[in-house]
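Good morning, colleagues. Please have the sequence and the coordinates open in front of you while I speak.

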Amino acid sequence: DSKITNNFFRLLQKDKANISKIIKTKLTPSYCKNLFELRKENLLLVIIIKFFEKYGTAITQEELGAYLSSNTSLNKSDKNDIFFLYHSCNLDSGTDNMQFIIDEIKKDYTGRRLKELSPLVTSTTADPLEILNETSHKLQALDVINRNDIFDSEIAESISTRKEDYNLEEVNGVKSLLTGFETFDNVTGGLRDSKLYLIAAPKKMGKSIFFLNLAYNVQSMGGNVLLFTLEHDMKQTQIRYDSRDSGLSMRKIQSRSLSPEEKEQYYKTLDSQKDKKGKLYICDIREMCNTALLEAKYRELDATYHFDLIIVDYMQLRYPNFMHKESWLNQSDIAQELRHFARKINKPVFSALQVNVEGLKEAKKGGKTSELDSTHIALSKSIANHVDLMLGMLPLNNDDKDSLSILLKFFKL
């Protein structure tokens, strides 16, 4: 089946010129008689495209069968081949193959509309903007066909489901992911699926260490964590993790200056990591990272690891999927894209950002005297509009130079 599928789409790529001619022609029995100078794969695509154009939906197995049964220009062998191709190519809603078909339709439709638009622009009655809007709506309608992240239901039809959910959660508890930070978990109830969490702090305040501790706690409780590190490289992140796991000095591990006893302890810790309940997957992306790349990498790995939490360290080192001239719009878009990412994958996403100059002054006050809040976010105050929960990280008075005590302040809950 996979060989047939691959050949199918390879042939379609080669025959784009023929396909573009076909889809401009009405699919009639008489036309089908001359069609088999082209491949049967092309005929299947033509049938799918014509069905899209007429009904605006994907053709189903039953509808394809009915069409083939009523088509007198095709013999039984041809019909069976086309029907088999439909199944082999996995043309169900939400699949990559169906997305290929939709993309081909969109390209053809856009090309035809642009050609039609040229003479209409000089018309005294036609409004080019209305024509472009109509084209845009048509393309969006095609995209909706293959979306698998849209859920709809009439409210009364879900009564029994909601009762079952309530009874199940009443016994087992509402689903949430505990962080291992007791006070945070008591206040929030833990991290919830499809929510975006952000922490704001000045440079060198400990955002990355916070995330490493968060990942370590969730992993230790049996959760699987995907940590995107955009600031620190893989080796540095691993050393920090090993220090947390072994209790040994990070500086000593980094400088390779452990005593013989400490080295033995370190190696034992490393050997024990394969037996941990959960998994921590670290992904070091060193340049040009946007949400599309994060999502692609997540989907590649999630099939194996089934992540419970995604951490992005940190937000302002990313690019939006589409760049603006204004940096504040870029940062706002990044937050919005992360929020959409969390909703799309239905998992909690945790990231961080820096504060502005005024925020830095407030943070330096430390502790409860600081008035640091969401208005002190660097580059874009509108980021807070896209966040489900936001924290500020403030220093407390620290006498110990080797450790840092911090206070987490809720900006938005």
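How many bridges join strand S4 to S5? There are three, and the two strands, of which S4 covers residues 309–313, run parallel. Please bear in mind throughout that this is a predicted model.

Let me stay with strand S5, residues 349–354. On another pairing, strand S1, residues 196–201, is joined to S5 by six bridges, and these two also run parallel. To give individual positions, Leu198 has Ser351 of S5 as its bridge partner, while Phe350 in S5 stands opposite Ile311.

Is S5 mostly covered or mostly open? Strand S5 is mostly covered, with six of its six residues buried. In a regular strand, side chains alternate between the two faces of the sheet. In S5, Val349, Ser351 and Leu353 point one way, and Phe350, Ala352 and Gln354 point the other way; all are buried.

I turn now to the aromatic contacts. The structure holds 12 aromatic pairs. One of them is formed by Phe211 and Phe350, with 5.6 Å from centre to centre and 70 degrees between the planes, an edge-to-face arrangement. Why does this pair deserve a place in the discussion of strand S5? Phe350 lies in S5 and Phe211 in helix H11, residues 207–220, so the pair ties together parts that are 139 residues apart in sequence. Phe211 counts as buried because its relative accessibility is 0%, and Phe350 is likewise buried, with a relative accessible area of 0%.

A second example is the pair of Tyr266 and Tyr267: the ring centres are 6.0 Å apart and the planes stand at 50 degrees, so this pair is tilted. Tyr266 is buried at 10% relative accessible area, whereas Tyr267, at 44%, is partly exposed.

Returning to Phe350, which residues form one aromatic cluster with it? They are Phe181, Tyr197, Phe210 and Phe211.

Finally, I would set helix H9, residues 159–172, beside strand S5. The number of buried residues among the 14 of H9 is zero, so this helix lies largely in the open. Its length can be checked: at 1.5 Å a residue, the 14 residues should span 20 Å, and the end C-alpha atoms are 20 Å apart, which agrees. What follows H9? The next residue is Gly173, whose phi is positive, near 90 degrees.

To close, I would leave you with two elements: strand S5, with six of its six residues buried, and helix H9, where the number buried is zero. Thank you.

Note on methods
Residues are numbered from 1 along each chain as its sequence is written. This is a predicted model: local features need pLDDT of at least 70, side-chain atom pairs count only at pLDDT 80 or more; totals for chains, interfaces and linings use all residues. Side-chain values use heavy atoms; hydrogens and water are left out. Buried means under 20% relative accessible area, exposed over 50%, partly exposed in between (1.4 Å probe, protein chains only). Helices (H or I, at least four residues) and strands (E, at least two) are DSSP runs, numbered from the N terminus. Two strands pair if DSSP finds at least two bridges between them. The expected span of a helix is 1.5 Å times one less than its number of residues. Rings of Phe, Tyr and Trp (its six-membered ring) pair if their centres lie within 6.5 Å; planes under 30 degrees apart count as stacked, over 60 as edge-to-face and the rest as tilted.
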